[in-house]
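Visitor: I've got a chain to look through and would like a quick tour. Can we start with the sheets?

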Amino acid sequence: MSAEAAAAPLQVPAVCVAHRQAKQALLDELRSGSAGTRGIRRALAHLAELTDEALRTLWKDNGFDPRSALVAVGGYGRGELFPHSDVDVLLLLPADSQAAHDPALRRRIESFISQCWDTGLEIGSSVRTVDECLTMAAADLTVQTALLEARLVVGNRKLFKAFQQRFMAALDPLDFFVAKRLEQRQRHLKYEDTPYALEPNCKESPGGLRDLQVILWTARAAGIGRHWKDLHRAGLVTARELRQLRHNEALLSVVRARLHLIAGRREDRLVFDLQNAVAESFGFQHQRADDGRVMLRASEVLMRRYYWAAKAVTQLNQILLQNIEEHLRAAQGEPAPKQRPINERFVDRDGLLEVVHDELFEQQPRAILEAFLLYAQTPGLKGLSARTLRALYNARAVMDRHFRNDPVNRQTFLAILQQPQGITHAFRLMNQTSVLGRYLWVFRRIVGQMQHDLFHVYTVDQHILMVLRNMRRFFMAEHAHEYPFCSQLAAGWDKPWLLYIAALFHDIAKGRGGDHSELGALEARRFCQQHGIEPADARLIEFLVREHLIMTSIAQKEDLSDPEVIQAFARRVGNERNLTALYLLTVADVRGTSPKVWNAWKGKLLEDLYKLTVRALGGRAPDADAVIESRKREALAQLQQATLPPDAHQRLWDTLNVSYFMRHDAGEIAWHTRELAARVTDDMTPTQRPLVRARLSPVGEGLQVMVYASDRADLFARICGYFERAGFSILDAKIHTTRDGYALDTFQIVNPIAPDDYAEYQGMVEAELPAAIDTEAPLPTPRLGRVSRRVKSFPIAPRIDLRPDEKAQHWLLTVTASDRVGLLYSIARVLAAHGIDLELAKISTLGERVEDMFLLQGAPLQHAKTQLAIEHELLEVLEAQ
């Protein structure tokens, strides 16, 4: 090659330039929003047509054998293409082709694919004969599905028709249907079987585009047709359902297309980072109160609209797949499903509840709630038939104010709650079919309502139903092993349905502004009055809704060893019945926020608070001296079993004050004593190497670590720094300084990444932590851990509250912020720099939000300038990203 040729710019084929320009113009139209739900089908089809034109030109330019064909498959085969979707094609070769042994053909194919990429087509290709296609399809459902949508782009039409005929002849429609339905179930489980995930995949999640495609795939395999209008002509889709299918498909398609454009790549997840941008592309804006506060974010408006569409798709998917299955089985001569009469309005149709005629609910609205009562009452029922689902879908108009005020309907609704079984499934089905929101109108307001508190992972309605499920399980013997103490308390409870109502209403006022607990209590009171619930029971429900957050707050943020904390809480709950109900609701609520929020340590804190309060309510709350003596006796009994000499504990215990014995239970006292009895002597020196001992936590999760070392101002910070570097999270820290100047600290730690290897971690912590403590080197600079996408999208303003306690003997520091790696160490480092001593640290991580409380000592806090300096430095730490 000459120097001039090498320096000349590469010539881009005209087809590449033309395609890129035409595609860019179309994407600009999509980006501008001019292609809304009405124009999205045309835009996606136009994008596929542009691709067809480019492929035809490239196919001809490369001189392929005229006996072969280029076939579009998958989504491209449907004749639609999203902005950054793959262009899936099949190079269909004649039967006598030997592609693997034909170098010229391989070079032609490589040149074609390379030019496709140069043109900007994200090509996905396969090269097969018809026989090879059939073999692959028989072995792989994904291939079979992609080939079902095959469409000729260019090439030999006769070869393509032969392929289609042989493919459809080999396809068993019923087998294909069963396989696709099973595949859908597995896909739904992957996405937690809910359309209400906070970051849903608009293509793959339940209620997404894939659920609509499954309907069309199975309909096409059954020979019904390939478009919605074909299903309508076949009598499988009503006119109203046809409109809903088209509308929701268009909405989901616009969301997906704009996701691609905003992300600049194929992105089908409505992740937090992109939700607001997608919302703005629809023209949605923040909804503000009169004082300027944001009441509803633009992203929340978008997501609620998305959830309602996904919910409708889920319902329609159920109805149509049942109809298609019946069509297929009837076509193969299978007998109709057996029917067993339940009453004059309903039959059991092969395990599905079915109405006796299509207009039942419109003619007899009371039968709507009766259907769900029968669903809960009748053994063997596993769902609603397509006929019943369709009848519910078409009876929405009758579920009006008169329907809600009907005394018979109110009795039926309470009867569902009072059933011994089937309640959770009935309420989930009522929500899926929109009956729950239409009967309980206040519930309708929170369907699809997002929660931006960094620890709920469900929408409000799904969280409420999850809490209802958790509460139900306390009363079911088969789940007693999950939370034995809760099940024990539930076994003695006389009216479980009162707790179910409290679960339904505890968060029902979310998203309105104001205190949702107070507003929810008013809604609960109104419900009880309307449904004739006895005053004493109504007061309990109202109390539970109003106070449903208090028990978690006290357990995680206050010192449970302080009798005054327990007495104040006991006065607030009033009696043991209220306390037991509140405890059960609290556990069910925390468990229903996110799988990441609950842990065994939080469970222990709540159980400890419950048991301490029971004693206080019973007038059996002993004074501090009695508590200490009881714990000492129990600890001594454990030490005797460990064959410790009778007076081995005395030297250590003489160095410990009242606060130590109030804050540690007998098991911890005995453990400390066994490890330290030989260490604590009269000739101890401050230069002795720190002693660290670790054991599997008695609460059943994580490690409990004891540190005994000469006290110093930066000790807590060094310990936190080590745990951070080693990948541990601190759940709780009890800090104690002995009378002879030693720190005796106890930590509860977990490793979120490798939670099953704690036995191996014991030796590591015992070997490494003493060296991290026993050094004079400056405290390392904190690592600024990367914050999560969710924290970036929904940041919370950090808050610092530093104030003296009621007795003015200690200081309480409360820190609220978004969580990140190294945060606790950064806080401890600030306190160490000011010579502040810690007495207690309660670390509370709620998803990706931390709410930590520290009980502090230290003369420096008496000076206002020092207080301000500490608060300022802590805010700098919390705001650092």
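Guide: One open sheet has four strands in the order 3-2-1-4, with mixed pairing. Its edge strands, each paired on one side only, are strand 3 (123–129) and strand 4 (151–155). Averaged over the sheet and ignoring direction, neighbouring strands are turned by 25 degrees against each other.

Visitor: Before we go on, what kind of model is this and how are residues numbered?

Guide: This is a predicted model, in which local features need pLDDT of at least 70 and side-chain atom pairs count only at pLDDT 80 or more, while totals for chains, interfaces and linings use all residues. Residues are numbered from 1 along each chain as its sequence is written, and side-chain values use heavy atoms, with hydrogens and water left out.

Visitor: And what counts as a strand, a helix or a pairing?

Guide: Helices (H or I, at least four residues) and strands (E, at least two) are DSSP runs, numbered from the N terminus. Two strands pair if DSSP finds at least two bridges between them.

Visitor: Back to that sheet. In which sense do strand 2 and strand 3 pair?

Guide: Parallel, over seven bridges, with strand 2 covering residues 87–93. Leu93 stands opposite Thr129 of strand 3, and Leu90 has Ser126 of strand 3 as its bridge partner.

Visitor: How many bridges join strand 1 to strand 2?

Guide: Four, and those two strands run antiparallel. There, Ala72 is opposite Val89 in strand 2.

Visitor: Is strand 2 mostly covered or uncovered?

Guide: Mostly covered, with six of its seven residues buried. Buried means under 20% relative accessible area, exposed over 50%, and partly exposed in between (1.4 Å probe, protein chains only).

Visitor: Which helices lie against this sheet?

Guide: Helix 3 (residues 40–61) packs on the sheet and touches strand 1 (69–72), strand 2, strand 3 and strand 4. The direction of helix 3 makes about 35 degrees with that of strand 4. Helix 5 (residues 103–119) lies across strand 1, strand 2 and strand 3, at about 155 degrees to strand 3. Contact means heavy atoms within 4.5 Å. The axes are lines fitted to C-alpha atoms, for helices over the stretch in contact, and angles run from 0 to 180 degrees between N-to-C directions.

Visitor: What is the strand order in the sheet with strand 7?

Guide: The order is 7-8-9-10, in an open sheet of four strands with mixed pairing. Strand 7 (339–341) and strand 10 (383–384) are the edge strands, each pairing on one side only. Strand 7 pairs with strand 8 (residues 346–349) in the antiparallel sense over three bridges, and Arg340 stands opposite Asp348 in strand 8. Helix 16 (residues 366–377) packs on this sheet, touching strand 8, strand 9 (352–355) and strand 10, and its direction makes about 40 degrees with that of strand 8.

Visitor: What about strand 11 and strand 12?

Guide: Strand 11 (residues 691–696) and strand 12 (residues 703–710) run antiparallel and are joined by six bridges. Ala694 has Val705 of strand 12 as its bridge partner. The hairpin has six residues between the strands, and Gly700 in that hairpin takes a positive phi near 100 degrees.

Visitor: Switching to single residues. Why does Thr673 count as buried?

Guide: Because its relative accessibility is 0%. Thr673 sits in helix 35 (residues 666–676). Leaving aside neighbours within four places in sequence, Thr673 is in contact with Leu639, Leu644, His649, Leu652 and Trp653.

Visitor: And Arg631, what does that touch?

Guide: Not counting residues up to four places away in sequence, Arg631 touches Phe661, Met662, Arg663, His664, Asp665, Ala666 and Ile669. Arg631 lies in helix 32 (residues 624–641). The C-alpha atoms of Arg631 and Val89 are separated by 75 Å, with the two residues 542 apart along the chain.

Visitor: Last topic, the whole chain. How many helices and strands?

Guide: There are 40 helices and 19 strands. Of the 881 residues, 55% count as buried. The C-alpha atoms fill a box of roughly 100 × 90 × 60 Å along the principal axes.

Visitor: How much of the contact is between residues at least 24 apart?

Guide: Among contacts between residues at least 6 apart in sequence, 71% join residues at least 24 apart.
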